[in-house]
Amino acid sequence: MRQQWNWLLFAHWALPPEALRPLVPGELALDIFEGRCWVAVTPFHLSGLRPPGLSFGGLSFPELNVRTYVTLDGKPGVYFFSLDAGSVMAVFGARTIYALPYFYARMKIEHDGDAVRYQCRRSHLGNVAEFQAHYRPVSPPRTSMPGTLEHFLSERYCLYAVEAGRMYRAQIHHLPWPLQGAEAEISRNTMAAAAGIRLPDSTPLLHFARALEVLVWAPERLK
């Protein structure tokens, strides 16, 4: 499927591996950078969600992910603790096709130049979580260099999902992320806590991306 990710904020926190190991399926190895795992809360606006062959149109809605980084058979990827979307259709489709933990949430995005005001409130399937933030870029865009923390966190080209003991991998393709430094005022954030993750009180590592075109393949079941 084709899609575009817009007005995206990466807010990353470092955690010790033992804090995440019980929350990630044992088949997946935690991907660690200099002794630490990383958890991201990532709000953005998804547009142009459409199947191959359709050159225009598609679904458009806000989305917010809580994710960490894993490897399987030497292939690094992303593991999602939760994905919130402002589209019932997208939630149903992603849960059915990709076995991903999507939730419907009431979401709102406002723009003031490059600044973004983002709100998300989930109350779905008995799972409640909330996020409110005001963020903006503070530097020109640039691609990250291999071996750096920024590259480790952003340049991931597959996702993993586990459902009823079955493991799936979906391939992702995009150009390198045009990352910008960012500043953010996060006034409310219980997204990670809803997944059983206690984020540290430290200031997160922040990056912004204005837009990125993405291709996502159908998931394949792994042995």
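Visitor: Which residues have the most contacts inside the largest nonpolar core?

Guide: Happy to start there, and bear in mind that this is a predicted model, where local features need pLDDT of at least 70, side-chain atom pairs count only at pLDDT 80 or more, and totals for chains, interfaces and linings use all residues. Residues are numbered from 1 along each chain as its sequence is written, and side-chain values use heavy atoms, with hydrogens and water left out. A nonpolar core is a set of buried Ala, Val, Leu, Ile, Met, Phe, Trp, Tyr and Cys residues joined through side-chain atoms within 4.5 Å, where buried means under 20% relative accessible area, exposed over 50% and partly exposed in between (1.4 Å probe, protein chains only). The largest one has 38 residues, and those with the most contacts inside it are Leu 64, Val 66 and Ile 197.

Visitor: Which strand gives this core its largest share?

Guide: Strands (E, at least two residues) and helices (H or I, at least four) are DSSP runs, numbered from the N terminus. Five residues of the core come from the strand with the largest share, S1 (residues 2-15).

Visitor: Is Ala 192 buried or exposed?

Guide: Ala 192 sits in the loop between strand S11 (180-189) and strand S12 (205-216). Leaving aside neighbours within four places in sequence, Ala 192 is in contact (heavy atoms within 4.5 Å) with Val 66, Ile 197 and Leu 199. Its relative accessibility is 2%, so Ala 192 counts as buried.

Visitor: Why are Ala 90, Val 91, Ala 94 and Tyr 98 on the same side of H2?

Guide: These four are buried residues of helix H2 (residues 88-98), whereas Val 88, Met 89, Phe 92 and Thr 96 are exposed on the other side. The arc is taken from the directions from the helix axis to the C-beta atoms. The buried four share a side because they cover an arc of only 100 degrees.

Visitor: How many residues apart in sequence are the parts that Arg 156 and Asp 31 tie together?

Guide: Their side chains meet in a salt bridge (2.8 Å, N to O), meaning a side-chain nitrogen of Lys or Arg within 4 Å of a carboxyl oxygen of Asp or Glu. Arg 156 lies in the loop between helix H3 (149-154) and strand S9 (158-163), and Asp 31 in the loop between strand S2 (29-30) and strand S3 (37-50), so the parts they tie together are apart in sequence by 125 residues.
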